Every structure is written in C-alpha cells, then in structure tokens.
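Trainee: Could you walk me through this one? I'd like to learn how to read each feature as we go.

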Amino acid sequence: MNKDKIENKIEYRKKCPECGNENLSKDYERAELVCRKCGLVIDEEIADHGPEWRAFNNEQVEKRARAGPPTKYTLHDKGLSTTIGWKNRDAYGKSIPSKQRSQLYRLRKWHRRTMAGNSNQRNLIHAFAELSKISSQLNLPRSIREQSGMLYRKASKKNLIRGRSVEALVLACIYAACRMAGLPRTLDELSDISNVKRKDIGRTYRFISKKLKLKINVPTPQTFVSRFCNALKLSYDVKKKANEIIKESIRNELTSGRGPVGFAAAAIYIATVLNKEKRTQRQIADVAGVTEVTIRNRYKEIAKKLSINIQP
DNA sequence: AAGACGAAAGTGGTTGA
DNA sequence: TCAACAACTTTCGTCTT
C-alpha cells in the first residue's frame, strides 16, 4: 500500500536524463513518459505496472481473480467467479449432515462443469494466455489489452472461433483494438512476433470485423508518426513538423492510394532533414517496415508538390 | 566507405468483369 | 474465378559526400 505511494512520488519527480528538464508529460494512451523539451521517451511502460494476468487452468484463474474490481475482459470469467468451498461445513463451521452432503456434491459437480468444463471456457483461457503474452511483447497499454479481450469474447459468443486458429484470432483482435484506439500496429509487426503469416492475420481481421460489424477507420499517416519518431529518438519538434507535412499533404490530396506507413516515413524523413536531426533513409525505413525506395518516391512527391527544398 | 538515387523487374493484394 | 492494375519491394549500378 505505502510502497505504491512512494513509487508514484518518485516517478513524479523524474527528470529527463538527456537535458535535465523536469517538464515531463505522461502519455497514457501510448504508455510513455515523455520529455516535453527534447522528446526523449523516459519510461515506456508507465501505464502498466500491473501483475501478469496469466492463467492456464481454472484453479489459477480463480486464485488470481478474487473479487477486485474493475472487471477484466482478459480473464475468461471477467474475474467474477464464485467458488463453492470444498469443506463439508456450513458458514458456522458445523459439519453438514450427510443428507444434505450428497446434495452439495451434486451442486459442486455442476458448478464445476458450468464454469470451466465447457470447451468455450477452456478456449478463452487459452486465448487470454496468448493475448497476454503477445501484448506484453508489444508493450500495449492495458486499455488496448482489455479491448482485445472484449473483441475476442464477442467473437467467441458469436461462434466465430471454431475451426480457426486461436493465435490468428487473438492477433486479429489485437490488430483491431490497436486501430480502434488510433494506435495501429502493422500486420508485419504482429506477424513478426508470432508464427502466423501476415496474410492470415489480415484475413482473420477482415472476417471478425465484418461479423462483429466493427467500424474502423483507415489509419492516417499521423497515427504512425509518434511511434516511429520515438523509435528513432527524434525530438518533439520533428514530430510536430512531420505532422504538419502530412496535414498539408492530405489537403493537397497526395495521400490517396498511398500506404500510410510509407507516407509517414517520408514525412519524418523530410522533417529530420529540415530540423537538422538527420537520420538515414535506411534507419527510418527499418523502423517503419518499408523500403528506402518507397521513402524516396514518397518524399520526392511531397517535396515537389509542397515545394519544400531539401538541401543538406 | 556510406548514403542517396533511380531504373527495371518481381511480388502480393485489390478490383471489376 | 481470373486478369488487369497500382503500390510496393528487391536488386543493382551509379553518383555524391
């Protein structure tokens, strides 16, 4: 209890190790602690110091679930399970007469069966273990994890699971949740950390988004800028500049038909050159998952249309 | 030596008949 | 279901710093 308070205080008093600036902003959406002066990401997991909610069987789930609100979509019973005790005693500790005892046995049996005995529940336990593993690897904020879990639960309710790979389904839910939160990951990123092919994740995603009638907008280049800039350790100014370039490009209809990822990468490249925080095309291409060629093509188009002069 | 450039051929996904 | 198509990638030779 006290320990939590102390930790919070320490976090609050943090300084930027790069420039000593104390003006830090917490970005809970992205789960980052960011220096407002130089854009350095100081702590990438501020929103998620919670325990690992992994459960591999019903007993573990019940042990960990207890009664603590808020309810968790990432637990197969939303953390709301009730247990019938194993002792043959009543609430006062008296032993229960044998006549009622057989009744109690029967009650327990069916309780167990309805809890985790059916394949649906077992499937959810498996899926949420998977979900927890993957979202840890991606450092996803809790809100997105919960959203993914909710989507999976919905899919399960509509019987969309049977006959499909659990892993692909989980990845598709994560992909959808990220996009809904405005923090899209690329299919390649998801594919890289799992052993599901990009194509399969995409297909499964389309499947569930159609069946669940999800309304998800096409990602704009801006949604990628912040993440890529952080990965490249670029300053806040570059971020801002890149966003301006994108906004201007959208107005000039340069973005239509172009992949948003490559476009974001090109805008960042221009911004780095303009702000003299040079990164090579290769560096940017690597974090964005596109090729240098794409960056070149895009940035030529932008520079031409917006008449931005790039001189080294 | 490293980075930027651009041509040309290849690949995977979308679209419309 | 198939072919056409645009976006993007791969590869590679050349130029610039």
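Trainee: Where does a base of DNA strand B meet a side chain?

Mentor: A polar contact is a pair of N or O atoms within 3.5 Å; within protein, one must be able to donate a hydrogen and the other to accept it, and residues adjacent in sequence count only if both atoms are side-chain atoms. Here, an N or O atom in the side chain of Arg296 sits 3.0 Å from a base nitrogen of DNA strand B. Before we go on, some ground rules: this is a predicted model, where local features need pLDDT of at least 70 and side-chain atom pairs count only at pLDDT 80 or more, while totals for chains, interfaces and linings use all residues. Residues are numbered from 1 along each chain as its sequence is written, chains are lettered from A and ligands numbered from 1 in the order in which they are written, and side-chain values use heavy atoms, with hydrogens and water left out.

Trainee: Which residues surround DNA strand B?

Mentor: The idea of "near" is simple: one heavy atom of the residue lies within 4 Å of the strand. For DNA strand B that gives Arg198, Lys199, Arg206, Tyr269, Lys278, Thr280, Gln281, Arg296, Tyr299 and Lys300. Of the strand B atoms that come within 4 Å of the protein, 64% are sugar and phosphate. Two side chains with an N or O atom by a phosphate oxygen of this strand are Gln281, at 2.5 Å, and Arg206, at 3.4 Å.

Trainee: What classes do those residues fall into, and which helices supply them?

Mentor: For classes, Ala, Val, Leu, Ile, Met, Phe, Trp, Tyr, Cys and Pro count as nonpolar, Asp, Glu, Lys and Arg as charged, and the others, Gly among them, as polar. The surface near DNA strand B has six charged, two polar and two nonpolar residues. Helices (H or I, at least four residues) and strands (E, at least two) are DSSP runs, numbered from the N terminus. Helix 8 (198-211) and helix 13 (292-305) each give at least two residues to that surface.

Trainee: What about the surface near DNA strand C?

Mentor: By class, that surface has five polar, two nonpolar and two charged residues. They are Gly257, Arg258, Gly259, Gly289, Val290, Thr291, Val293, Thr294 and Arg298. Sugar or phosphate accounts for 84% of the strand C atoms within 4 Å of the protein, and bases for the rest. Look at the phosphate oxygens: a backbone N or O atom of Gly259 is 2.2 Å from one, a polar side-chain atom of Arg258 is 3.0 Å from one, and the side chain of Thr291 also places an N or O atom at 3.0 Å.

Trainee: Let's move inside. How much of chain A is buried?

Mentor: Buried means under 20% relative accessible area, exposed over 50%, and partly exposed in between (1.4 Å probe, protein chains only). Of the 312 residues in chain A, 43% are buried. The chain has 13 helices and three strands.

Trainee: Which residues have the most contacts inside the largest nonpolar core?

Mentor: A nonpolar core is a set of buried Ala, Val, Leu, Ile, Met, Phe, Trp, Tyr and Cys residues joined through side-chain atoms within 4.5 Å. The largest one here has 34 residues, and Leu151, Tyr152, Val170, Ile174 and Leu190 have the most contacts inside it. Helix 4, helix 5 (142-157), helix 6 (166-180) and helix 8 each give two or more residues to this core, with helix 6 giving the most, 12. Apart from it lies another core of 30 residues, including Val238, Ile246, Ile295 and Ile308.

Trainee: And Ser148, is that buried or exposed?

Mentor: Ser148 counts as buried because its relative accessibility is 1%. Ser148 belongs to helix 5. "Touching" here means contact, with heavy atoms within 4.5 Å; not counting residues up to four places away in sequence, Ser148 touches Leu131, Cys173, Ile174 and Ala177. Its C-alpha is 5.0 Å from that of Ile174, 26 residues apart along the chain.

Trainee: What does the side chain of Ser191 reach?

Mentor: The side chain of Ser191 reaches the backbone oxygen of Val196, at 3.1 Å. Ser191 is in helix 7 and, at 15% relative accessibility, counts as buried.
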